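User: I have a model open beside me and would like to understand the terms used to describe it. Could you take me through them?

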Amino acid sequence: MFCPFCNKKDSRVLESRLTGENSVRRRRECEACAKRFTTYERLEVMQVLVVKRSGSREPYTREKLMAGVRRACAKTMVTAEQIDDLVDSVENELAMLGKKEVPASLLGELSLGRLKELDEVAYVRFASVYRQFRSIEDFVSELNTLKDTQTLLENAEATVTSVTTDG
Ligand SMILES: [Zn+2]
């Protein structure tokens with residue numbers, strides 16, 4: 001999203017609000033000049049169908065993805081704004097793919113890639129849900145790639161049961 005004042009590309013989303021069925025109003029702040037502006041975006045991504053493991057399809061909803069990410073980020077240092085940005089970024093990538101249907105696992109992987117940069121505990125929680133059908137060895141090797149494995153394991157064990165998905 002280009003800043004209308006200085007034309008730089010990077011802006012921070014201050015607030016997002018659905019204004020209709022297919023559009024969202026966003027208050028943004030330019031990271032270069034710090035001026036604020038409002039954008040109205042049509043959400044092409046809202047028309048994407050998500051193909052679940054069972055093969056059934058359902059329309060993509062931002063709220064559902066947001067809820068999963070929020071649960072994974074509970075009691076971490078991740079802010080509501082970062083979660084909003086994360087979901088924005090996943091939606092942008094989906095929109096760029098330009099597909100009518102995407103597997104639920106793709107949504108999971110796109111979110112995971114971003115969570116990994118934000119918070120390792122949230123990442124592990126989310127991974128344990130989206131990769132639940134893989135082996136325990138995979139899960140452990142994933143953990144081993146992260147710092148403070150023991151702490152992460154304790155945190156993940158303590159919270160993983162509260163994370164649910166029907167993806
Ligand atoms: Zn600017």
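Analyst: Happy to. In this predicted model, 23% of the 167 residues of the protein chain count as buried.

User: What makes C3 buried or exposed?

Analyst: Count its neighbours. C3 has 20 C-beta neighbours inside 10 Å, and a residue is buried if 20 or more other C-beta atoms lie within that distance. The value meets the cut-off, so C3 counts as buried. You will find C3 in the segment before β1 (11-18).

User: Which residues does C3 touch?

Analyst: Leaving out residues up to four places away in sequence, C3 touches K8, S11, C30, A32, C33, K35 and F37. Take A32 from that list: A32 and C3 are 29 residues apart along the chain, and their C-alpha atoms are separated by 8.7 Å.

User: What is the pattern of helices and strands along the sequence?

Analyst: The protein chain has six helices and six strands, and they follow the pattern β-β-β-β-β-α-α-β-α-α-α-α.

User: Which strands form the open sheet, and in what order?

Analyst: Three strands form it, in the order β5-β4-β6, with mixed pairing.

User: Why are β5 and β6 called edge strands?

Analyst: Each of them, β5 (57-59) and β6 (101-103), pairs on one side only. From one strand to the next, the twist averages 30 degrees.

User: How do you know that β4 and β5 pair?

Analyst: Two strands pair if there are at least two bridges between them. Strand β4 (residues 49-51) is joined to β5 by three bridges, so the requirement is met. The two strands run antiparallel, and L49 stands opposite P59 in β5.

User: What lies across β4 and β6?

Analyst: Helix α3 (residues 104-118) does, running at about 70 degrees to β6.

User: Why are α2 and α3 called oblique to each other?

Analyst: Two packed helices are described by the angle between their axes and the distance between the axes. The axes of helix α2 (residues 80-97) and α3 come within 10 Å and cross at roughly 140 degrees. Roughly antiparallel needs an angle over 145, and roughly perpendicular covers 65 to 115. The crossing angle fits neither range, and therefore α2 and α3 are oblique to each other. Their crossing is right-handed.

User: Which residues make the contact of α2 with α3?

Analyst: From α2 come Q82, L86, S89, V90 and E93, and from α3 come L107, L110, S111, R114 and L118. By class, that contact has five nonpolar, three polar and two charged residues.

Key: Residues are numbered from 1 along each chain as its sequence is written. This is a predicted model: local features need pLDDT of at least 70, side-chain atom pairs count only at pLDDT 80 or more; totals for chains, interfaces and linings use all residues. Helices (H or I, at least four residues) and strands (E, at least two) are DSSP runs, numbered from the N terminus. A residue is buried if 20 or more other C-beta atoms lie within 10 Å of its own, exposed if 12 or fewer, and partly exposed in between; C-beta atoms are placed from the backbone. Axes are lines fitted to C-alpha atoms, for helices over the stretch in contact, and angles run from 0 to 180 degrees between N-to-C directions. Two residues are in contact if their C-beta atoms, placed from the backbone, lie within 7 Å. Angles under 35 degrees count as roughly parallel, over 145 as roughly antiparallel, 65 to 115 as roughly perpendicular and the rest as oblique. A crossing is left-handed if the near helix is turned anticlockwise from the far one by less than a right angle, and right-handed if clockwise. Ala, Val, Leu, Ile, Met, Phe, Trp, Tyr, Cys and Pro count as nonpolar, Asp, Glu, Lys and Arg as charged, and the others, Gly among them, as polar.
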